[in-house]
Amino acid sequence: MAAGDAIVGHVVTFGRVLHEAGLEVGPGRVADALRALDAVDLERREDVYFSLRQTLVSRHDELELFDRAFDAWFLRAPVLPPARARMPEQVETSAVVDLADRTQPAGDDDPDSGDPVELGASGQELLRDKDFAELSGDELRRLRELIARIARARPQRHSRRRTADPRGDRLDVRRMIRRSLRTGGDPVERPFRARKEVPRKLVVLCDVSGSMDSYARALLLFLHAVVGTGRGVEAFAFGTRLSRLTPDLATRDPDAALARCTEAVVDWGSGTRIGASLRQFNEVYGRRALSRGAIVLIVSDGWEREDPELVGREMARLARAAYAVVWVNPLKGNPQYQPLAGGMRAALPYVDRFLPGHNLRSLEELAAVLAGIERRHAA
Amino acid sequence: MEFGSIDELEEALRRADYLPDRGLATALYLSLALSKPVLLEGEAGVGKTEAAKALATVLGARLIRLQCYEGLDVAHAVYEWNYPRQLLHIRAAQEGTLREEELFGPEYLIRRPLLEAIWSDEPVVLLIDEIDRADEEFEAFLLEVLSDFQITIPELGTIVAKRRPAVILTSNRTRELHDALKRRALFHWIGHPSIEREIEIVRLRVPGVPERLAAEAAAFVRELRALDLAKPPGVAETIDWAMALNALGRKEIDAEVVQQTLGSVLKYREDVDAVRDETLSRLVEAARTAAPAG
């Protein structure tokens, strides 16, 4: 049947076009599309359109793309799938700024070490409230242990499955009844079950652009400690583009980890393209469900150089997938601070908790928030 | 299958007082023809749940609804043992002459929606409502049920569906669903209806409503949807509102009556506050101009 073969050819080609454009169209979907076309009247363009759309598209935000591709295909116009931003090539560059130089600014050769005021409990107290931007390299090293302790407070979630647990909160009636058979129906034993707690996924996106420079090293220490808490943590850095840091931070030694991060991130201290970076995250990693049900922690001053609207759009997408979104902005530590930067303003409607993060005390607050955060409830 | 074409199904749905657009009719038709679940997404109030009810009506099938929420578990979605009855039975039987099989028989089983849908002898439309509210683990479990249409109860064995229910899933898109679940289902996005269709729906659902009033109400709601509201009104709100206006004996809308009845269209205080005085008068004017003459 030549006509049938022609349709198969068309649909397979069309599926490939959609796949090129970024839709997830596998052989299963193409087979469904063919079965659907078999069931409807091919003379009616509307029915053909919906049959293909309902079998090949599974997300609302792919509809526009589909429509364009469908028009092109159906009207036999040249097929030009809209270009999606590709993951930029990770260029190795020798112009990478050495992190060691950043932690020890030139001319600051350790004047603070041995300062008697900063030893002991009161010294620690002072350190807690000191703005990260004002810390010396040595102070930063002393903060390490404290930061690691804060990072260990991972948010938990309840697993759906209950397991036997003598301190559980729910009577295991099924087991009780079965055991009571041995004792003539008297429930002598009272087995309990409890929901297992498992750590909730945590995704951290850290701004390392120029405007965040003075905070980046303290926050990277925090990231390193968080990644060290185990499975389900993903860390990314962004300036003008996104770099995945999880494998680099997985090294035990913080110095080695930070050094590796410096190599991995090509745009230290550059400008910021928050919107584009978020889009890259959503498209590359959100697609693999990395952000689904996760707590997403964004650390940035919200200083978008290019397109605040894009920030809003991508934040909406991110927030939909995430369990909750927490934004840490070191500038918020200043009592006079107002979220006036365009990017920050666009992002705020999608943020569940907005926190400072400019000193140790605010990191403690962050850890407390992460441990007790509730799911955002969409209207 | 009972319906030979999309037209036939569309016609049957219309007779059941449900006016689907062509896309929705196609989705429901394909769901039956391909025996695949259909996932309906769209803003609140566009008639996702209504679609399942209407489908059950035209198929002469029983509608079984599973309303999802965070924390929904097997005991509430699939089955549970009737413990009080089991305990009473143990008491009645007295000294240990009881066998375990007796106690875990079908008469002690409480069937929740999923098991009920699979166990049923009659045709069933299974509505899994607001799946985006359930936990991810439940979604994974649901995926299993929807692939095999069978459920295993340790004490009883595996129960296989005698006839596969028609399955409709709805989501308000508060989160993305698993790709695996989406792959198993047809996907249809329901947008707000065209103004002509909305007028038609209002006239069908509000008996005796003046044509002009239906047109102006639909046009006004359309103006509202163009604003940046916390909760844009759906078709359900248009119907409620037209009903209220009709009960007040109105033949058309003006700023005063809109002000009085706005509460049946906008459900959030901020939204009501955003639409008053000049904004309201402007929208009423725009709606009266835009409403198609009957």
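Let's start where H1(B) and H2(B) cross: in this predicted model, the crossing is right-handed. The two axes come within 9 Å and meet at roughly 110°. With 65 to 115 degrees counting as roughly perpendicular, H1(B) therefore sits roughly perpendicular to H2(B). On the H1(B) side, the contact is made by B:Ile6, B:Leu9, B:Glu10 and B:Leu13, and H2(B) answers with B:Ala25, B:Thr26, B:Leu28 and B:Tyr29. Sort those by class and you get 6 nonpolar, 1 polar and 1 charged residues.

Stay with H2(B) for a moment, as it also takes us over to the other chain. Between the chains, 38 residues of chain B are in contact with 34 residues of chain A. Several elements of chain B give two or more residues to that side: helices H2 (22-33), H5 (83-93), H6 (100-103), H8 (136-148) and H9 (179-184), along with strand S9 (186-190). H2(B) provides the largest share, 6 residues. As for the make-up of the side of chain B that touches chain A, 15 residues are nonpolar, 7 polar and 16 charged.

Now move along chain B to another helix pair. Helix H11 (residues 211-226) packs against helix H12 (residues 235-247) at an angle of about 135°, and their axes are 10 Å apart. That angle makes H11(B) and H12(B) oblique to each other. Their crossing, too, is right-handed. H11(B) brings B:Leu213, B:Ala214, B:Ala217, B:Ala218 and B:Val221 to the contact, where they meet B:Glu237, B:Thr238, B:Trp241, B:Ala242, B:Leu245 and B:Asn246 from H12(B). The tally here is 8 nonpolar, 2 polar and 1 charged residues.

Some of these names come back when you look at the nonpolar cores. The largest core has 99 residues, and B:Ala217 and B:Ala242 are among those with the most contacts inside it, a list that also includes B:Leu55, B:Val125, B:Ile168, B:Val202 and B:Phe220. H11(B) gives this core its largest share, 9 residues.

So what does B:Ala242 touch, not counting residues up to four places away in sequence? Its partners are B:Val202, B:Val206, B:Val209, B:Leu213, B:Ala214 and B:Ala217. Of these, B:Leu213, B:Ala214 and B:Ala217 are also part of the H11(B) contact with H12(B).

Lying apart from the largest core is another one, of 64 residues. For a way into this other core, look for A:Val227, A:Phe238, A:Leu245 and A:Leu318, which are among its members.

Note on methods. Residues numbered from 1 in each chain as written. Chains lettered and ligands numbered in written order. Predicted model: local features only at pLDDT ≥ 70, side-chain atom pairs only at ≥ 80, totals over all residues. Contact = placed C-beta atoms within 7 Å. Helix = DSSP H or I, 4+ residues; strand = E, 2+ residues; numbered from the N terminus. Nonpolar A, V, L, I, M, F, W, Y, C, P; charged D, E, K, R; others polar. Axes fitted to C-alpha atoms, helices over the stretch in contact; angles between N-to-C directions. Parallel < 35°, antiparallel > 145°, perpendicular 65-115°, else oblique. Left-handed = near helix turned anticlockwise from the far one by under 90°. Core = buried A, V, L, I, M, F, W, Y, C linked by C-beta atoms within 7 Å. Buried ≥ 20, exposed ≤ 12 C-beta atoms within 10 Å, placed from the backbone.
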